[in-house]
Amino acid sequence: MKRLILLAFSLSMLLSGCASLFTTPQPGISEQEVIALKGQPDAVYQIGDTRLLEWSVGAWSQYAYMAKIGADGKLVSYEQVLTREKFGSIPIDRFTKLDVLKTVGHPTEVDYLPLIDREVWAYRYKEEGIWNSMMYIYFDSQGIVRRMENGMDPMYLRAD
């Protein structure tokens, strides 16, 4: 019986420690509270008097999160940014690499295609919450977005 009580207590402590991983920060809390809840961000971007905090979740993940902190140091919004809508907000021939980083965060993969002189950033994401997709963003030598392509994530293609 003691083992069962100890196991239940240990399990509840473990789950309560993991709860912050699944908790969505609510607007109005301080930047320090967001960081306490989500951990140190992978990148921080300054846009005027607001800040964007980025949490990339690794090369195999299909999710990345951004917190927008207002001039008052309070959370304005917290969102998953690897979505069709966010990718759709990237204008071709106008956005730079920094603009893309501020919009959808760091890519899963970076490659260079010498025959067309383009750097390509690839982002895994769950399109419409269903399809395992990959968004490819092509930059010219000045770092300007010149093309975007969406397709199936090759990691999920079967080699039968």
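This is a short tour of a predicted model, from its overall layout to its cores, hairpins, a pocket and a few single residues.

**Overall layout**

The chain has 160 residues, and 34% of them count as buried. Its secondary structure comes to four helices and eight strands. Reading from the N terminus, the order is α-α-β-β-β-β-α-α-β-β-β-β. As for contacts with a sequence separation of 6 or more, 33% of them join residues 24 or more positions apart.

**The cores**

Nonpolar side chains in soluble globular proteins tend to be buried together. In this model the largest nonpolar core has 20 residues, and the members that touch the most others are Phe 87, Ile 90, Val 100, Tyr 123 and Ile 137. Several elements each put in at least two residues: β1 (43-47), β3 (64-69), α4 (97-104), β6 (118-127) and β7 (131-139). There's also another core, lying apart from this one, with eight residues that include Val 34, Leu 53, Leu 75 and Tyr 78.

Ile 137 is a good place to look around. Leaving out residues up to four places away in sequence, its contacts include Phe 87, Ile 90, Val 100 and Tyr 123, which are themselves on the list of best-connected core members. Ile 137 also touches Glu 119, Val 120, Trp 121, Val 145, Arg 147 and Met 148.

**Two hairpins**

Now for the strands in the second half of the element order. β5 (residues 109-113) pairs with β6 in the antiparallel sense, over five bridges. Across that pairing, Leu 113 stands opposite Arg 118 of β6. The two strands make a hairpin with four residues between them, and Asp 117 in the turn has a positive phi of about 55°.

β7 and β8 (residues 145-152) run antiparallel too, joined by seven bridges. Here Tyr 136 faces Glu 149 in β8. Five residues separate the strands of this hairpin, and Gly 143 takes a positive phi near 80°.

What about positive phi in loops, away from glycine? Asp 93 has a phi near 75° and sits in the loop between α3 (84-88) and α4. Glu 128 has a phi near 55° and belongs to the loop between β6 and β7.

**The second largest pocket**

How much space does the second largest pocket hold? It comes to about 170 Å³. Its lining is made of Ile 47, Thr 50, Leu 52, Met 66, Lys 68, Ser 77, Glu 79, Val 81, Lys 86, Lys 102 and Thr 103. By class, that's four nonpolar, three polar and four charged residues. β2 (50-56), β3, β4 (75-80) and α4 each supply at least two residues of the lining.

Two of those lining residues, Lys 102 and Thr 103, are worth a closer look. Lys 102 lies in helix α4, and so does Thr 103. Lys 102 touches Tyr 45, Gln 46, Ile 47, Leu 52 and Met 66, again not counting residues up to four places away in sequence. With Tyr 45 the sequence gap is 57 residues, yet the C-alpha to C-alpha distance is 6.8 Å. On the same counting, Thr 103 touches Met 66, Val 81, Lys 86, Ser 89, Ile 90 and Phe 95. Met 66 is therefore a contact of Lys 102 as well as of Thr 103, and Thr 103 is buried because its relative accessibility of 10% is under the 20% cut-off.

**Accessibility at a glance**

Here are the single residues picked out above, plus one more from a loop.

| Residue | Relative accessibility | Class |
|---|---|---|
| Thr 103 | 10% | buried |
| Lys 102 | 22% | partly exposed |
| Glu 128 | 43% | partly exposed |
| Asp 93 | 47% | partly exposed |
| Asp 72 | 59% | exposed |

Why does Asp 72 count as exposed? Its relative accessibility is 59%, so it passes the cut-off of over 50%. Asp 72 is found in the loop between β3 and β4. Asp 72 and Asp 49 are 23 residues apart in sequence, with 8.9 Å between their C-alpha atoms.

Methods: Residues are numbered from 1 along each chain as its sequence is written. This is a predicted model: local features need pLDDT of at least 70, side-chain atom pairs count only at pLDDT 80 or more; totals for chains, interfaces and linings use all residues. Side-chain values use heavy atoms; hydrogens and water are left out. A nonpolar core is a set of buried Ala, Val, Leu, Ile, Met, Phe, Trp, Tyr and Cys residues joined through side-chain atoms within 4.5 Å. Buried means under 20% relative accessible area, exposed over 50%, partly exposed in between (1.4 Å probe, protein chains only). Contact means heavy atoms within 4.5 Å. Two strands pair if DSSP finds at least two bridges between them. On a 1 Å grid over the protein atoms alone, a cavity is a set of points where a 1.4 Å probe fits but cannot get out, and a pocket is an open set with protein on both sides within 12 Å along at least five of seven lines; lining residues have an atom within 4 Å of a point. Grid points are joined across faces, edges and corners, and a volume is the space filled by probe spheres set on the points. Ala, Val, Leu, Ile, Met, Phe, Trp, Tyr, Cys and Pro count as nonpolar, Asp, Glu, Lys and Arg as charged, and the others, Gly among them, as polar.
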